[in-house]
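Reader: I am new to reading protein models and would be grateful for a close look at one part of this one: the charged side chains and their partners. Please then lead me outward from there to the surroundings.

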Amino acid sequence: MNDVRGATAGRQLQLRNVRLGPRGPLGCVTVAGGRIAAITPDVPDGRAGGGRGGRGGLDVFDAAGGTLLPGLCDAHVHLVQWASARRRVDLSGAGSAQAAARAMADAAGRSPGGDQEPLIGFGFRDGLWPDRPHRDLLDRAGHRVAVLVSNDLHTAWLSGAALARLGRPGHPTGVLREQEALDAVARLGPVADAVADTWVADALTAAAARGVTHIVDFEYADNARDWTRRCGAGPLATRVTAAIYPDYLEDAIAQGRRTGDVLPDTGGMVTVGPLKLFVDGSLNTRTALCHEPYPGTPSGEQAWGILQTPPQELEHLMARAAVHGIHSAVHAIGDRANAIALDAFERVGCVGRIEHAQLVAVHDHARFKRPGLVLGVQPAHAPDDRDIADRHWHGRTHRAYAYADLLAAGAVLEIGSDAPVSPLDPWRGIAAAVHRGSEHGRSPWHPEQAMDLETALRAAAAGQAAVRVGDRADLVVTACDPAEVSPEDLMAMPVRATLLEGRWTHRTD
Ligand SMILES: [Zn+2]
């Protein structure tokens, strides 16, 4: 990919035979100096080949009728976690210990990381296996540090090299359970910054191949430091907005960093994000804070979910950040958590984001129409969570993931994946927003809360509706027209090319 990512931003470039938006006409788009210089009806020789090269320093790309859209923005990711998760070997389909060991050996052959980097496998279920996990099965394939984690996280199966690194070379089977397993994963899982940075670069390149030109990174880390370091290693494949966690708030204030500022020494590619705060937990663990108790939970403190940050403390942190030009991004999943987040924005009088808003009281919908408030949503979670929501939010799901009602009330929505919770692939979110689960072959779940395609594409592009002359050339060309494909094909939308400020970050010709 280096030749592609290193393409110069200064050259003129023409995208020919390109559809200008869903169901739009064919046209030709000229990019110069990293911006859209012209959009014209297709040039006469637009069908005469093109491809790489072109004449007189003009790079010509024949889009073959593909559709041009603004570059996509994943508005909520945890990038190091996602970059690590996508490196794990998927063991969910392994039918035996032999098969799991073989999958690990195959992955070791494909992985460029070398013997020093632990190879992590995830998701095996050995309850019905005909054979037993054993270190010897892994060791026969080589001396690699290999850790296989069971689907419920309670078993870790280690190679001899992994046991040696833990200081337990003589362990008879290499199969650890419960606390021993968790400790082993905690000690062998984390990798050095230099390794993690190559994983992050790979993850961004893969995101660019799905049309992403911008991510908002909510990793739990010193994001300003980490992204500055990563920018020193070469150009990033996407822009990054780097969130601030409360542990790093005072540092950000001392450095004079304000939300939206370009972070120094990042080549303009990384901007300062919002302060991330939490009101509650999540639906799956029944810690999302709700007005009504979870069915079947014994009455008590936690029957309604968990309050992570009391309102006074929340408002104090938001106000402190706001005084210094730092916006807040407030995690709120349950309806009571969302009311608390809205109260805080109103009392403090600041701008920012509410993240998730999976369950909202109907009388709170109108409060999301607030200047400077953006609602970060993850539509791909709806098809993943529908069964658990039907149980735990029984009788309330008409106002769960209620995008149509929130949009009608005037809320501004942006789509994210919350990777690794769902894959960093905006087309999954777009398809789920529009089709509400029918893209997975099921009946749509509360289809009355669907977004139309145009709204979903705009929400997946940080609010940008169309490509205009003068805009920065952050662009994606899809292979087919998103308005003309089935729900399944929208979710799997092939991407022909992605441009970041006029430089190719993905290209198929
Ligand atoms: Zn998150």
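Author: Let us begin with Arg135 and Asp139, which stand four residues apart in helix α4 (residues 135-139) and are therefore separated by about one helical turn. An α-helix has 3.6 residues a turn, so residues three or four places apart point the same way. The side chains of Arg135 and Asp139 form a salt bridge, with N and O 3.8 Å apart; the term means a side-chain nitrogen of Lys or Arg within 4 Å of a carboxyl oxygen of Asp or Glu. Helices (H or I, at least four residues) and strands (E, at least two) are DSSP runs, numbered from the N terminus.

The model is a predicted one, in which local features need pLDDT of at least 70 and side-chain atom pairs count only at pLDDT 80 or more, while totals for chains, interfaces and linings use all residues. Residues are numbered from 1 along each chain as its sequence is written, and side-chain values use heavy atoms, with hydrogens and water left out.

How covered are these partners? A residue is called buried under 20% relative accessible area, exposed over 50% and partly exposed in between, with a 1.4 Å probe and protein chains only. Arg135 has a relative accessible area of 15% and is therefore buried, whereas Asp139, at 23%, counts as partly exposed. A second pair, Asp126 and Arg132, is also joined by a salt bridge, at 3.4 Å from N to O. Here the acid is the buried partner, for Asp126 has 13% relative accessibility, while Arg132, at 47%, is partly exposed. Across the model, 29 salt bridges are counted.

A third pair is Arg230 and Asp197, whose closest N and O atoms are 3.0 Å apart in a salt bridge. This pair links distant parts of the chain: Arg230 belongs to helix α8 and Asp197 to helix α7, 33 residues apart. Both Arg230 and Asp197 are buried. They also belong to a network of salt bridges that includes Asp193, Arg225, Asp226 and Arg229.

Arg230 leads us on to Asp217, which lies in strand β12 (residues 212-217). Asp217 is buried but has no salt bridge, and Arg230, the nearest side chain of opposite charge, is 4.6 Å away. In such a search Lys and Arg count as positive and Asp and Glu as negative; His and the chain ends are not counted. What does the side chain of Asp217 have close by instead? One of its polar atoms lies 3.0 Å from the backbone nitrogen of Leu79. Contact here means heavy atoms within 4.5 Å. Apart from neighbours within four places in sequence, Asp217 is in contact with several residues, among them Leu79, Trp227, Ala242 and Ala243.

Two of these neighbours, Ala242 and Ala243, appear again at an enclosed space. On a 1 Å grid over the protein atoms alone, a cavity is a set of points where a 1.4 Å probe fits but cannot get out; a pocket is an open set with protein on both sides within 12 Å along at least five of seven lines; and lining residues have an atom within 4 Å of a point. Grid points are joined across faces, edges and corners, and a volume is the space filled by probe spheres set on the points. The whole structure holds two cavities of 30 Å³ or more, and the largest has a volume of about 100 Å³. Its lining comprises 13 residues, with Ala224, Ala242, Ala243, Ile244 and Arg257 nearest its centre. Helix α8, strand β13 (239-244) and strand β14 (270-278) each give two or more residues to that lining, and β13 supplies the largest share, three residues.

Helices α7 and α8, which carry the pair Asp197 and Arg230, also take part in an open space. The largest pocket has a volume of about 810 Å³ and is lined by 37 residues, of which Ser84, Arg88, Ile120, Gly189 and Trp199 lie nearest its centre. The elements that give two or more residues to its lining are α2 (79-85), α3 (97-110), β8 (119-124), α6 (178-188), α7 (193-208) and α8 (223-231). Of these, α7 gives the largest share, five residues.

One last charged residue deserves notice for its backbone. Asp265 has a phi near 65°, a positive value in a residue other than glycine. Asp265 sits in the loop between α9 (249-254) and β14, and it is exposed, with a relative accessible area of 66%.

Conventions: A polar contact is a pair of N or O atoms within 3.5 Å; within protein, one must be able to donate a hydrogen and the other to accept it, and residues adjacent in sequence count only if both atoms are side-chain atoms.
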